[in-house]
Amino acid sequence: MSTPNRPFWSGLPARILGTVIALAVLAVLMIPPSRDKPADSENGGSKNKELTSKNEDSECIRDLSRLLNGLQPGRLGIDSDSADLAIELNRWFSKCGQEIDVKLTQDENTQRELLSDEIFTRTSAPRFLPEDAAHVRLCLLADQITKHVCANMPDETEQAVDLFQYVTRHIMLMDEASNTLPKTPYEALVWGQGTAEHRAWTFATLLRPLRMDSFIITPTSNPGYWVVGVQTAKGEVLLFDPKLGLPIPSLSGEQTTPFPTLPATLAEIKKDGAALRALDSSDLKYPLTKEDFAEFSVSIIGTPSLWSRRMAELQYMLDPLLPIALYDGLGENALRPNASVQQRTIAAGKKNQLWQSEQIQIWKFPYEQLSALELAKQDPDSAYALQVQIFAGPQLKKVSMIYDEQSQKLVRDPQAQAPTVQAADTTLHAVRIEQLQGNHRSALKHFGPILSAYRTNATILNEEAANYAALWAGESQLDIHKTSVAIDTLDRFVATARQSRTQLVPLKEMRHSATDLKMIAQIVSEDFEDALATLKAANRDNPSLRYAYLIQRWEQLFKSADNPQAPSE
């Protein structure tokens, strides 16, 4: 959206991610396009006012640069604190955000209609909250991931499928009993674990930079099992199952790929449930039927930060400089006129007569997790605090060295005191961010010190960090196409991973993840017989509907006459 009264940095280039803005460059570019030049250039008072204005602009840009740097993924929560940055955001906005003369949001009534009193209070808060800082950080990471995954991919169905596969691969599925840590999509991605709900929330977050809407579709007859619907520009609603870790496969989709690439649509399922029955195996039945989709609720996915006026104002201020999706209004707003979340959801239902407006509600899970996370952060002895410590490591022993003239090499300084212990230059948290962003070669280089830290400083936290690094090193090797090396690394992880002494490292789920990654590596290497054998072994050890469906699909695929390596049974 453009108006004649944009903030003063509206002419700045959109280049800020991962760097501190060069103030010398910004000083040249900061002159606002909408400000008039002084009427009398020789007037000393006008010159002083102009100089004062420029100095204030420079200070605003410098402060903004520092704030955005502190909000970067891998920084906030390690080098900076959410509460402190929220305070700084409020200070910065009160000083530099006074040029907004557009009524950005007009949806208070819609918010009151859709939100509980508690959620409405958080949404309508006029000042930035600590959770807002975390929200900006998550939006930055989502934008980075989406650009990496969807680069040169114009088809929106392919984009949705690839982002869903990304979420399934990077967030190990935890059951309710073992999922003891509250988390947002940021923690779910960084820690690599979460429930089906966390997967769904994360999927919705990654779709948002593409302006693709998603909903939780919950059958009234079977509320314990639900799916995610993703609306396309054509008006179709594609179906994904985060518990299964697969799109609901359309019967008209490509059958020559290891994983489904064309999701069934809600209209297709309401008309004919054959796509659901294709997921059945001889022993396990998919829990939903065509009849379950006769009546259901449609839940909007979001948070108070996403819907708040304060975030609309921040996005308006930043948009020319940093065009990321910080805000999405529930009701009427100036940033997306005639296309609020509620309006788009109603329109999606009307398109193919899929649902009525009275079926629409707000998904409560994100707010419940935010509340639980807020409480966990207040307790320094909580499991959450311990998990943060694991990812803030490893802790390395630093030994003072001197150059020995006789041997002509570095030796330990005999005068030095005992070795000091300090955090590694690149923490597990930061390395995981590198990996999530697709910087696998850099991540592999940084996983090394985390793996070796346990040998030189055998602490419990270093041991836990090494478990994560051992698995994720294999994943990065796979992503740079070192498939044989990746398989060896993943096999070694499964065989040698040490039992978690903090009970925070989900080794059972991590071993399952290692097996899934190994199967992918074998498929990439065209070792189809080995991939099918690995899949069948995994299903024997841990029977699941996902594995059973893939066995059926792969047996049919690998026996194709066009595949000379197809195994025989």
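Begin by selecting helix H21 together with the elements that cover its buried residues, which include helix H7 (156-170), strand E1 (172-173), helix H19 (460-479), helix H20 (483-496), helix H22 (528-541) and helix H23 (545-558). The model on display is predicted.

Next, isolate H21 itself, residues 507-524. Its 18 residues should span 26 Å at 1.5 Å a residue, and the end C-alpha atoms lie 25 Å apart, so the expected and modelled lengths agree. Colour the buried positions of H21: among them are Leu507, Met510, Ala514, Leu517, Lys518, Ala521 and Gln522. Just after the helix, select Glu526, which follows H21 and has a positive phi, near 65°.

Now add H20 to the selection. The axes of H20 and H21 come within 9 Å and cross at roughly 160°. The two helices are therefore roughly antiparallel, and the crossing is left-handed. To display the interface, show Thr483, Ile487, Leu490, Asp491, Phe493 and Val494 of H20, which meet H21 residues including Leu507, Met510, Arg511, Ala514 and Leu517.

Then move to the sheet. Six strands form an open sheet of mixed pairing, in the order E6-E5-E4-E3-E7-E8. Its edges are strand E6 (246-247) and strand E8 (360-362), each of which pairs on one side only. Select strand E7 (residues 296-300) alongside E8: the pair is parallel, over three bridges. Within this pair, Val298 has Ile360 of E8 as its bridge partner.

Finally, select helix H9 (residues 196-207), which lies across strand E3 (214-219), strand E4 (227-231) and strand E5 (237-241). Viewed against E4, H9 runs at about 10°.

Notes. Residues are numbered from 1 along each chain as its sequence is written. This is a predicted model: local features need pLDDT of at least 70, side-chain atom pairs count only at pLDDT 80 or more; totals for chains, interfaces and linings use all residues. Side-chain values use heavy atoms; hydrogens and water are left out. Helices (H or I, at least four residues) and strands (E, at least two) are DSSP runs, numbered from the N terminus. The expected span of a helix is 1.5 Å times one less than its number of residues. Buried means under 20% relative accessible area, exposed over 50%, partly exposed in between (1.4 Å probe, protein chains only). Contact means heavy atoms within 4.5 Å. Two strands pair if DSSP finds at least two bridges between them. Axes are lines fitted to C-alpha atoms, for helices over the stretch in contact, and angles run from 0 to 180 degrees between N-to-C directions. Angles under 35 degrees count as roughly parallel, over 145 as roughly antiparallel, 65 to 115 as roughly perpendicular and the rest as oblique. A crossing is left-handed if the near helix is turned anticlockwise from the far one by less than a right angle, and right-handed if clockwise.
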